Amino acid sequence: MVILALIALLIGTLAGMLAPHSGMLAVLTNATDIYLVVLMALVGITIGFNEGIVDKLKRHTLHIIVVPTCIIVATILGGVVCSFISGYPMNISTAIAAGLGWYSLSGVTMTNLVGAQIGTITFMSSLMREIFSFMTIPFISRYMNYSSAIAPAAATSEDTTLGMMIKYTDAEHVVVSLLNGTIISAAVPFLIPLCLAVF
Amino acid sequence: MLYIICMVAGLLLSRALRLERIARPIGWAQTAVTLILIACMGYRLGSRPDFIHELSSMGLMSLLYCIVPSVFSIALVYVVTRFLLKEKKNGRNRDSW
């Protein structure tokens with residue numbers, strides 16, 4: 001998926017560089033709101049596939065509350081720190097961080113809300129977070145603890161990095177990872193506009 | 001707000017119509033829409049006249065926004081699960097779960 005995403009980004013960027021004033025391409029790319037509506041409906045359908053989600057929630061309540069809360073709080077805090085380094089306003093900086101690894105949705109949402117440049121930084125930082133997760137999960141699970149291995153993955157802990165969690169942690173943490181990803185994925189659409197409005 | 005409504009509608013639809021039967025096509029559709037959205041974002045970006053000059057600075061910024069929030073997340077989850085929830089290395093001591 002990461003490779004496909006990079007290819008799509010490359011094709012789009014090349015099209016933009018070669019035909020920046022193409023009427024047809026402009027119409028297609030201005031319909032992002034429609035694509036986002038479709039994507040959100042599909043995400044909702046996918047979340048609905050998780051049978052017995054309530055039972056799983058009851059069994060690991062404490063971890064399921066604590067892990068995503070810590071990830072979200074620490075990520076926003078990281079966004080605050082990045083604001084001082086990058087010089088971006090606090091609201092934009094925290095909103096970039098609030099993408100939480102969900103590169104497709106966060107990148108496009110930020111493009112719509114702030115602009116293409118910030119949208120691309122959001123996209124690339126979230127994509128890098130996914131790659132960073134792949135590289136660090138084996139070490140974190142070995143030298144820290146299994147719950148900490150869920151942290152870099154954030155929103156991707158329910159899909160793309162779940163395989164790494166299956167390989168490097170145990171069954172109980174895989175459930176926590178799955179639910180953590182579901183909770184964070186549901187939170188991202190709220191968090192980005194919230195950060196833009198509050199900070 | 002519209003996006004949230006759509007997500008909730010999708011969730012309810014999924015439960016009501018038992019859509020897990022078509023989970024694979026739904027996954028494909030999700031991937032396709034995601035790729036279209038990314039390509040659209042790329043188009044908007046590539047259309048910018050000073051795109052090439054901005055690219056190097058955007059890469060460094062992206063790295064910054066990847067590393068700092070990720071490291072903060074790992075540190076906070078470790079401190080809380082290790083010292084408050086008493087979770088040790090390799091998921092041991094799960095009595096506290």
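Let's start with T94(A): this threonine is buried, with a relative accessible area of 0%. Please keep in mind that we are looking at a predicted model. T94(A) sits in helix α6 of chain A, which covers residues 90–97. And what does T94(A) touch, once residues up to four places away in sequence are set aside? The list is I76(A), G79(A), V80(A), C195(A) and F199(A).

Two of those names come back in a helix pair, so let me turn to that. I76(A) belongs to α5(A) and C195(A) to α11(A), and both are part of the contact between these helices. Helix α5 of chain A runs over residues 61–86, and helix α11 of chain A over residues 171–198. Two packed helices are described by the angle between their axes and the distance between the axes. Here the angle is about 40° and the axes are 10 Å apart. An angle of that kind is neither roughly parallel nor roughly perpendicular, and therefore α5(A) and α11(A) count as oblique to each other. Their crossing is right-handed.

Who takes part? From α5(A) we have H63(A), I64(A), V67(A), P68(A), I71(A), I72(A) and I76(A). Facing them in α11(A) are V176(A), L179(A), N180(A), I183(A), I184(A), A187(A), L191(A) and C195(A). Sorted by class, that contact holds 13 nonpolar residues, two polar ones and no charged ones.

Now, on to the rings. How many aromatic pairs are there over all chains? The count is three, and I'd like to show you two examples.

In chain A, Y103(A) and F123(A) have ring centres 5.7 Å apart and planes at 90°; angles over 60 degrees count as edge-to-face, so this pair does too. The two partners are 20 residues apart and link distant parts of the chain. Y103(A) is in helix α7, residues 103–113, while F123(A) is in helix α8, residues 116–143. Are these two buried or exposed? Both Y103(A) and F123(A) are buried.

The other example is in chain B, where Y78(B) and F83(B) also pair edge-to-face, with 6.5 Å centre to centre and 85° between the planes. Y78(B) has 22% relative accessibility; buried would mean under 20%, so Y78(B) counts as partly exposed.

Since we've arrived in chain B, a quick word on its make-up. Chain B has three helices and zero strands, giving the order α-α-α from the N terminus on. Of its 97 residues, 37% count as buried.

That's my tour, and I'm happy to go back to any of these spots on the screen.

Definitions and conventions. Residues numbered from 1 in each chain as written. Chains lettered and ligands numbered in written order. Predicted model: local features only at pLDDT ≥ 70, side-chain atom pairs only at ≥ 80, totals over all residues. Heavy atoms only, no water. Axes fitted to C-alpha atoms, helices over the stretch in contact; angles between N-to-C directions. Helix = DSSP H or I, 4+ residues; strand = E, 2+ residues; numbered from the N terminus. Parallel < 35°, antiparallel > 145°, perpendicular 65-115°, else oblique. Left-handed = near helix turned anticlockwise from the far one by under 90°. Contact = heavy atoms within 4.5 Å. Nonpolar A, V, L, I, M, F, W, Y, C, P; charged D, E, K, R; others polar. Phe/Tyr/Trp six-rings, centres within 6.5 Å; stacked < 30°, edge-to-face > 60°. Buried < 20%, exposed > 50% of the residue type's maximum accessible area, 1.4 Å probe, protein only.
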